[in-house]
Amino acid sequence: MTTISDDVTAPNDEENVDVSRQWTYKIRARLVHALPPDRLIPDRQPSYLSSWIYIFGALTIAALGVVILSGTILSLEGPQWWHTSSIGLFVNSMHLWSVELFFFFMVIHLWGKFFMAAWRGNRQLTWITGVVTFAISIGAGFTGYVSQTNFDSQWIATQAKDGINSTGAGAYFNVLNFGQMLMWHIVLLPAGVVLLTGLHILLVRRRGIVPPFAPDDVGIKSSDSKEVAS
Amino acid sequence: MSVETKNDRRFNPDRDVRPWKGGYSPYDIAKELTICFVVVLLLVLGLSVVFSSPDDKAITVQKWSNASQVDFVQTAITELNGTSASAQYGPPYNNVSGVSQKIGPISLESFAGVRIPVNPPQDFVLGPLSTVTGVPALTAALDEFKAATPEQQTAWEDAYVKAVANATQVGNTLVVPVGPYGPVGVMMRQLALMGRSGALDTSLINQDHFYGTDYTKSLLFVADGQYFANVGAANHLSGDQWGMMNEAGNFPGQPWLWLYTFWYQVPPFTTAWSANADVLIWALMMVLTLILILVPFIPGLRSIPRWSRIYRLIWRDYYKGRVS
């Protein structure tokens with residue numbers, strides 16, 4: 001039988017246990033140290049962040065959101081719905097155009113970051129996760145095109161099979177198998193894109209936005225370049 | 001000097017940065033993301049209303065065999081005699097020596113082997129025909145064909161190939177010149193009937209089961225026909241027309257595949273290396289992708305941004321008032 005003390009203020013031995021050796025405690029401590037709330041969701045940014053190019057990262061995330069939203073609606077009704085329903089066709093159109101915008105914004109974001117040399121200052125992994133996300137997105141887009149169940153999907157699949165088969169990968173990734181391609185398109189590759197995008201954003205928050213080349217390092221005479229150490 | 005470098009190694013402007021000691025400005029990330037989402041959503045809605053999306057119906061065997069009975073039987077006989085593109089494909093569909101693409105002496109598709117077995121004579125012709133019941137002439141033809149020696153089968157098939165080259169379609173009737181093709185004529189005519197009725201579509205997808213999501217055999221068969229290629233060419237989708245990155249109609253398709261498709265348009269992939277173009281282009285794209293991933297570590301490449309001076313445009317506010 002369990003007894004409960006009447007004295008609620010009595011010391012509880014369990015509260016005095018040292019939890020600093022817990023995995024949970026250590027993981028939380030490391031996460032908070034790496035990304036304190038004001039760094040994770042900052043309300044200030046360095047003053048050099050004043051170019052339209054910076055908006056394309058946010059636009060890419062926004063387009064990804066619309067891609068997922070429209071894809072989720074399509075998945076509710078199944079892969080054939082959009083052939084027979086005007087609403088389905090419209091949602092499919094939203095899916096198509098959000099994908100086009102997603103890639104458009106992402107490519108501009110990528111080249112913008114390239115010309116900023118955004119990998120500087122220990123930000124190589126941020127660059128790598130971005131490029132790999134781009135590559136996986138191409139796979140996600142491709143599997144979508146071959147899952148349309150119309151002439152385009154027939155044509156693209158039969159054209160693409162030769163390239164993929166020539167690498168040996170076609171033995172495991174059969175572009176003519178609609179069921180397999182649909183699963184890759186709606187589960188595996190989106191999961192990869194979303195997870196890597198999340199990691200990419202966390203790395204951006206962790207390392208911060210790359211600063212400009214210091215004027216002294218690129219041969220620019222600066223009367224007021226005290227902003228950077230030299 | 002304070003710099004963000006590891007182990008006090010020599011400062012490299014293409015790899016390292018100096019700590020930011022300038023000012024900070026208020027920046028509402030949540031508001032920015034929300035506005036971006038609304039703007040993109042409105043853009044997507046507008047594009048969807050104005051342009052919609054392409055949806056040309058799939059080409060079924062039924063559609064193909066009704067539209068062009070001659071092309072259908074001309075293709076079907078190549079499936080039976082093993083000379084079609086699918087029958088001569090090699091891995092991963094079947095074992096055909098000497099057709100695998102190679103990088104130097106290495107054939108990656110041969111390493112992977114035959115994992116998706118496709119046997120066109122059996123899967124596209126004999127198997128579907130064997131499901132037909134109540135047609136004594138077909139049963140007799142199949143029995144005669146299966147009982148014959150391989151040499152006899154080949155002789156019948158060769159004779160049918162010659163005859164069907166001059167076949168015509170009169171109305172809905174296929175007219176094949178008479179020839180010494182034995183039971184093959186009945187078999188092909190019955191297969192065409194299966195095709196026109198839609199029974200062959202079902203047979204190709206559901207060979208072993210009720211449900212079907214694997215269209216490998218259907219697509220290989222349809223793609224072997226000239227009719228399918230003609231529809232693709234009419235829609236400007238052939239390989240030499242930038243192929244699979246396009247869609248039917250005036251839609252953007254997959255423009256992000258432009259570099260991959262580009263290589264298929266230029267020498268040496270269209271000339272000396274054409275026999276192994278697929279695997280060589282894939283290898284090239286993998287190398288280029290790896291280079292893009294590793295740009296931060298490649299001297300010279302990682303200096304391009306600094307040399308290009310495009311950063312001065314991006315950070316023009318920051319560099320304002322400074323001179324080179």
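What distance separates the centres of domain 2 of chain B and domain 3 of chain B, taken over C-alpha atoms? The tour of this predicted model begins with that pair and then moves through the cores, chain A and the interface.

**Stop 1: the domains of chain B**

Select chain B and colour it by domain: domain 1 covers 6-52 + 296-319, domain 2 covers 61-233, and domain 3 covers 235-293. Over C-alpha atoms, the centres of domain 2 of chain B and domain 3 of chain B are separated by 29 Å. Where these two domains meet, domain 2 of chain B supplies 7 residues and domain 3 of chain B supplies 8 residues. Next, highlight helix α11 (residues 226-234) of chain B, from which 3 residues come, the largest share of the side of domain 2 that touches domain 3. By residue class, that side of domain 2 of chain B holds 4 nonpolar, 2 polar and 1 charged. For confidence, chain B has an average pLDDT of 91, and 96% of its residues score at least 70.

**Stop 2: B:Pro128 and its surroundings**

Remain in chain B and select helix α5 (residues 120-130), where B:Pro128 lies. Is B:Pro128 buried or exposed? It counts as buried, because 23 C-beta neighbours lie inside 10 Å, against a threshold of 20 or more. Display B:Leu191, B:Met194, B:Leu200, B:Ser203 and B:Leu204 as well; B:Pro128 touches each of them, residues up to four places away in sequence being left aside. Then draw a C-alpha to C-alpha distance from B:Pro128 to B:Ala199: the two are 71 residues apart in sequence and 8.6 Å apart in space.

**Stop 3: the nonpolar cores**

B:Leu191, a contact of B:Pro128, leads into the next selection. It is among the residues with the most contacts inside the largest nonpolar core, which has 58 residues; the others are B:Val73, B:Ala76, B:Tyr160, B:Met187, B:Met188 and B:Val222. Which helix gives the largest share of this core? Select helix α8 (residues 184-197) of chain B, the source of 7 residues. Centre the view on B:Met187, which touches B:Leu129, B:Ala141, B:Leu142 and B:Phe145, again without residues up to four places away in sequence. Another core, of 47 residues, lies apart from the largest one. To locate this second core, select some of its members, including A:Ile61, A:Met106, B:Tyr260 and B:Ala277. In soluble globular proteins, nonpolar side chains tend to be buried together.

**Stop 4: chain A**

Now isolate chain A, which contains 8 helices and 1 strand. Along the sequence, these elements follow the order α-α-β-α-α-α-α-α-α. Chain A has 230 residues, of which 44% count as buried. Among its contacts with a separation of 6 or more, 69% are between residues 24 or more positions apart.

Colour domain 1 (52-101) and domain 2 (117-211) of chain A separately. The centres of these two domains, taken over C-alpha atoms, are separated by 16 Å. Their contact takes 6 residues from domain 1 of chain A and 6 residues from domain 2 of chain A. On the domain 1 side, α3(A) provides the largest share, 3 residues. That side comprises 3 nonpolar, 3 polar and no charged residues.

Follow helix α3 of chain A to A:Ser75, which lies within it. A:Ser75 is partly exposed because 14 other C-beta atoms lie within 10 Å. Select A:Ile186 next: it stands 111 residues from A:Ser75 in sequence and 8.1 Å from it in space, C-alpha to C-alpha.

**Stop 5: the interface between the chains**

Finally, display both chains together. How many residues of chain A are in contact with chain B? Contacts involve 93 residues of chain A and 90 residues of chain B. On chain A, the elements to select, each giving two or more residues to this side, are β1 (44-46), α3 (55-77), α5 (86-115), α6 (124-145), α7 (151-166) and α8 (178-207). The largest share, 15 residues, comes from α5(A). The chain A side divides into 52 nonpolar, 32 polar and 9 charged residues.

Zoom in on β1(A) and on strand β1 (residues 24-26) of chain B: 3 bridges join the two strands, which run antiparallel. Within this pairing, A:Pro46 is positioned opposite B:Tyr24 of β1(B). Overall, the model scores ipTM 0.92 and pTM 0.90.

Methods
Residues numbered from 1 in each chain as written. Chains lettered and ligands numbered in written order. Predicted model: local features only at pLDDT ≥ 70, side-chain atom pairs only at ≥ 80, totals over all residues. Helix = DSSP H or I, 4+ residues; strand = E, 2+ residues; numbered from the N terminus. Nonpolar A, V, L, I, M, F, W, Y, C, P; charged D, E, K, R; others polar. Pairing = 2+ DSSP bridges. pLDDT = per-residue confidence, 0-100. Buried ≥ 20, exposed ≤ 12 C-beta atoms within 10 Å, placed from the backbone. Domains from an automatic or database assignment. Core = buried A, V, L, I, M, F, W, Y, C linked by C-beta atoms within 7 Å.
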